[in-house]
Amino acid sequence: MLTKHSHSRTHILPAVLCALAFPAAALAADGAADESTVPAVADAKQVTIAPLRGPVVNFHQAIQASVEQRRAEHRRKLREQRERFEDLPGGVSMTTLESIASCESGGDPTIVSADGSYRGKYQFDYGTWESMGGSGDPAAAPEAEQDYRAALLYTQSGSSPWPICG
């Protein structure tokens, strides 16, 4: 049984192949317009594909504009995430958090313990992460959010959640 996504993929592939083939044909036709390489057909007009260059250029410009728009949106989202978690709660200093993170994970926000129980820069387990308002995998959360949630935990419990590194 085809899913909605697999069915739509069967239509996308031919479209992509055509999009790639027509610009290549237009470029090849530019130098192939002399009579020695164009087959003779009775009463046929010679057709060149060179006029496709304009649409091909427009197509590439549209793709570039789309890529730039997506990059700008991604940068905006990252900036919003940083700003949202910029102010640490409870007067916890970044120096304190950096010290804990350095000891717990070497400061790597994506690290996961060998058994998979502790995750991210501050080695949160899922339960503690969720109790601080986090959702999903702590190691997949933005670093600024990990800092913020660690500051919340430190404000609530001091250094006790990190018995060796706190």
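In this report a helix is a DSSP run of H or I that is at least four residues long, and helices are numbered from the N terminus. With that in mind, G91 can be placed in the loop between α2 (53–84) and α3. The model described here is a predicted one.

**The chain as a whole**

The chain has five helices and zero strands, and from the N terminus on its elements run α-α-α-α-α. Of the 166 residues in the chain, 20% are buried. Among contacts between residues at least 6 apart in sequence, 46% join residues at least 24 apart.

**Helix α5 and its surroundings**

Helix α5 covers residues 143–157, and because its 15 residues at 1.5 Å a residue should span 21 Å, the 21 Å between its end C-alpha atoms agrees with expectation. Which residues of α5 are buried? They are E145, Q146, D147, R149, A150, A151 and L153. A general point helps in reading such a list: an α-helix has 3.6 residues a turn, so residues three or four places apart point the same way. The cover over the buried residues of α5 includes α3 (94–105) and α4 (126–131). Just after α5, the chain reaches G158, which takes a positive phi of about 65 degrees.

The partnership of α3 with α5 can be described in more detail. The axes of these two helices come within 11 Å and cross at roughly 100 degrees. Because a crossing angle of 65 to 115 degrees counts as roughly perpendicular, α3 is roughly perpendicular to α5. On the α3 side the residues that meet α5 are M94, T96, L97 and I100, and their counterparts in α5 are D147, A150, A151 and Y154. Y154 also lies 10.0 Å from G91, C-alpha to C-alpha, although the two are 63 residues apart along the chain.

**A disulfide between distant parts**

How many disulfides does the structure have? The count comes to one, and it is formed by C103 and C165, whose sulfur atoms are 1.9 Å apart. This pair links distant parts of the chain, since C103 belongs to helix α3 and C165 to the segment after α5, 62 residues apart. The torsion about the S-S bond of C103 and C165 is about -65 degrees, so the disulfide is left-handed.

**Aromatic residues**

A search of the whole structure finds four aromatic pairs. One of them joins F124 and W129, which are edge-to-face, with 5.1 Å from centre to centre and 70 degrees between the planes. The angle supports that description because planes over 60 degrees apart count as edge-to-face. F124 and W129 also belong to one aromatic cluster, together with Y122, Y154 and W162. Y154 therefore appears twice in this account, in the cluster and among the α5 residues that meet α3.

**Exposure of selected residues**

The table sets out five residues discussed above; a residue is called buried because its relative accessible area is under 20%, exposed if the value is over 50%, and partly exposed in between.

| Residue | Relative accessibility | Class |
|---|---|---|
| W129 | 0% | buried |
| F124 | 2% | buried |
| C165 | 12% | buried |
| C103 | 42% | partly exposed |
| G91 | 71% | exposed |

Within the disulfide, then, C165 is buried, whereas C103 is partly exposed. In the aromatic pair, F124 counts as buried, and so does W129.

Note on methods
Residues numbered from 1 in each chain as written. Predicted model: local features only at pLDDT ≥ 70, side-chain atom pairs only at ≥ 80, totals over all residues. Heavy atoms only, no water. Phe/Tyr/Trp six-rings, centres within 6.5 Å; stacked < 30°, edge-to-face > 60°. Buried < 20%, exposed > 50% of the residue type's maximum accessible area, 1.4 Å probe, protein only. Expected span 1.5 Å × (residues − 1). Contact = heavy atoms within 4.5 Å. Disulfide = S-S within 2.5 Å. Axes fitted to C-alpha atoms, helices over the stretch in contact; angles between N-to-C directions. Parallel < 35°, antiparallel > 145°, perpendicular 65-115°, else oblique.
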